[in-house]
Amino acid sequence: MRAKSLHGHALLRDRARLRAAEGSALGRSRTGVRLAGALASLGAMAILAAALAVGCEPTAGHDRPVLLFSSDNQGVLAACGCPSNPTGGFAKRQGLIEDYRRTRPLVVLVDGGDLMPTRTNPIKVKYLAQGISRAAYDALALGDAEFGLGLDAIRELEREYKLPYVCANVRDASGALVVAPHVIREVSSPKLGGARKIGIFAVITPTDYDWPPQKWREELKVESPVEAAKREVGELAGCDVVVALSHQTLEESRELARAVPGIHVVICAHDRKILRQPEKVGETLLVCAGEGGGILGALAFGIGLGGQPEWALTMTELSAHVAEAPWAMDLYWAYVKEAKDKPPPDWNLAPLVTTYAATEACGKCHPPEYKQWSTTAHARSYESIRKTGRQDDPECLLCHTMGLGRKGGFVSMARTPELGRATCQACHIVAPDHAVRKIKPEPRININSRLCMSCHGVIQSPDFDYYVYKPKILHRPLDAGKK
Ligand code: HEC
Ligand code: HEC
Ligand code: HEC
Ligand code: HEC
């Protein structure tokens, strides 16, 4: 029952949005010349445009409607702009989405899940929700990041910010689906031969990953994605186009496409692999934008002579060339203003030490290690965020300084300058008085890739490879031997 009434809402919302889209199509003809330039730059930014002719139309014209998809944003409002990884983030993605909205007659916008932060950061969630709401998504799959917020929070976001969450295979304690299983978008365009219905549903993996979070394990029942998808395809029988948001691995998404006929596009949204070319699985198109939210996928579509949808894929990297939407950056700075000096987001992966020490304190007894450490990037980590003007963003401080928000940890450069770097304790969970108290430091074995990856995450350090990075920080050359 609940699902049905939500579905009704979705239709109402979609009609309103359709009118808005028609309005912008009018605006388009008035500013045709300027837009031609924008189109050219869109083309230049595309890292790949793969024409996939299912019917007889080989390429996508700019007059075609477009289905935009992304996934795995991981709560990033504004990308750090680091040379190591300048891509991704809500603000850049929104910039590109708005380019599409200005230049295409019709945009359908979906996200495959994990738009929200994976760690507790209620202030960020609030600002991001405002942004997502304004971005006017057609459907948002629930990913494990969203489930990590808790069911109450999800429903609150749905209510307060009108976020169109969908998930067809998770039920709450009462046996009801946690959110609507699908939305139906009615669109109209000459390229589609008139009015058409697009049905979008979502499923989440029942396997792998650390979800549902411990506290939800008893409460949430995760059903088979394949069974749920079969049901959805039945429910969406009246739609001209059926899209599945598959918050699953590529293999699981392939299986979904294989096992459930009647889905036109499966958007895989929880796998590292980027599919630069779409895959065909039977009659179904499979696409995947990889992890870290660095890519916006665009499927231009039309309806072929036989009534079947036809697609052409463009994958655009949200690189330095893509301008952020100014309003989304305003949102980011408003977030920073509110989050500054508040207790920082929960960072339960960071090494926990009882007493934070200046590297100089350790250096008194370990001069060679201190000397070598001083030459590494870890010794200059605060400088990097200061140079980019992001020193008030608590999330940047979390990795670029030590112990933010913890007793005795980093407070500010004025008060605790000695902790404004990745100190010895980033890697050695050792108290400074360990020698005096005759506590032998943890065995070396505790330094492993997992420890590094608490800071060298997929967004900030996408090229991280333990065996390439470790030699760069070792206190002595690898071949120097150990005593
Ligand atoms: C008062 C001198 C002193 C200070 C200060 C000191 N250490 Fe040590 N540290 C020692 C001595 C002595 C040893 C070797 C003794 C041992 O093996 O138990 C040692 C050993 C170590 C080891 C090597 C353990 C191994 O497996 O070989 C590490 C790592 C280490 N210290 C890290 C640190 C860090 C990090 C700090 C600062 C938070 C620090 N030390 C501060 C004296 C000190
Ligand atoms: C407390 C967080 C933290 C931990 C833990 C950490 N790093 Fe880093 N690391 C950083 C930050 C922040 C930078 C970027 C510094 C800057 O601003 O230039 C960095 C930079 C580096 C760089 C320089 C990269 C480059 O291309 O210049 C190397 C190499 C590196 N880390 C290796 C490691 C290894 C290996 C480990 C684990 C043994 C590790 N790090 C653990 C935070 C951390
Ligand atoms: C999860 C931990 C983490 C967070 C959060 C983080 N960084 Fe970093 N940052 C790193 C690591 C690790 C590197 C080194 C990456 C590499 O070289 O592989 C890095 C590198 C950088 C660099 C490049 C330094 C150089 O010159 O090579 C800049 C600039 C930077 N970060 C800025 C930021 C800003 C701004 C934020 C906040 C929006 C931020 N970082 C948040 C971990 C983090
Ligand atoms: C980015 C991670 C990282 C940082 C930061 C770091 N170390 Fe180390 N340290 C290591 C690794 C890795 C080893 C070698 C252990 C191994 O090979 O298993 C090591 C080894 C040591 C040892 C043992 C030396 C031996 O006999 O092999 C000492 C002592 C030490 N570090 C002290 C320090 C001090 C003091 C600082 C700060 C000035 C520091 N380390 C900063 C990663 C780090």
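This is a short group-meeting talk on a predicted protein model and the two ligands placed in it.

Okay, hi everyone. Remember as we go that this is a predicted model.

Let's begin with the overall picture. The protein has 483 residues, and 44% of them count as buried. It contains 15 helices and 15 strands. Now look at contacts between residues with a separation of 6 or more: 69% of those join residues 24 or more positions apart.

Next, please find the sheet. It's an open one with six strands, in the order S7-S8-S10-S11-S13-S12, and the pairing is mixed. Which strands sit at the edges? Those are S7, residues 182-189, and S12, residues 279-281, and each of them pairs on one side only. From one strand to the next, the twist averages 25 degrees. There's also a helix packed on this sheet: H7, residues 225-235, touches S7, S8 and S10, and its direction makes about 165 degrees with that of S8.

A quick reminder for the newcomers: strands in a sheet pair through backbone hydrogen bonds, and they can do that parallel or antiparallel. For an example here, take S11, residues 265-268, and S13, residues 284-288, which pair in the parallel sense over four bridges. Within that pair, Val-265 stands opposite Leu-285.

Now over to helix H4, residues 122-135. Why do we expect it to span 20 Å? Well, it has 14 residues, and at 1.5 Å a residue that should give 20 Å; the end C-alpha atoms are indeed 20 Å apart, so the two agree. Several of its residues are buried, including Val-125, Tyr-127, Leu-128 and Ile-132. What covers the buried residues of H4? Among the elements doing so are helices H3, H5, H6 and H9, plus strand S3. Just after H4 ends, Ala-136 takes a positive phi of about 55 degrees.

Last stop, the ligands. Ligand 1 is surrounded by 18 residues, and the closest are Cys-362, Cys-365, Cys-424, His-428 and Ala-435. Its shell divides into 11 nonpolar residues, four polar and three charged.

Ligand 2 has 20 residues around it, with Ala-377, Ser-384, Cys-452, Cys-455 and Lys-472 as the closest. Four helices, H12, H13, H14 and H15, each give two or more residues to that shell. Which of them gives the most? That's H15, with four residues. By type, the shell around ligand 2 has 11 nonpolar residues, six polar and three charged.

That's my tour. Thanks for listening!

Conventions
Residues numbered from 1 in each chain as written. Chains lettered and ligands numbered in written order. Predicted model: local features only at pLDDT ≥ 70, side-chain atom pairs only at ≥ 80, totals over all residues. Near = placed C-beta within 6 Å. Nonpolar A, V, L, I, M, F, W, Y, C, P; charged D, E, K, R; others polar. Buried ≥ 20, exposed ≤ 12 C-beta atoms within 10 Å, placed from the backbone. Contact = placed C-beta atoms within 7 Å. Expected span 1.5 Å × (residues − 1). Pairing = 2+ DSSP bridges. Axes fitted to C-alpha atoms, helices over the stretch in contact; angles between N-to-C directions.
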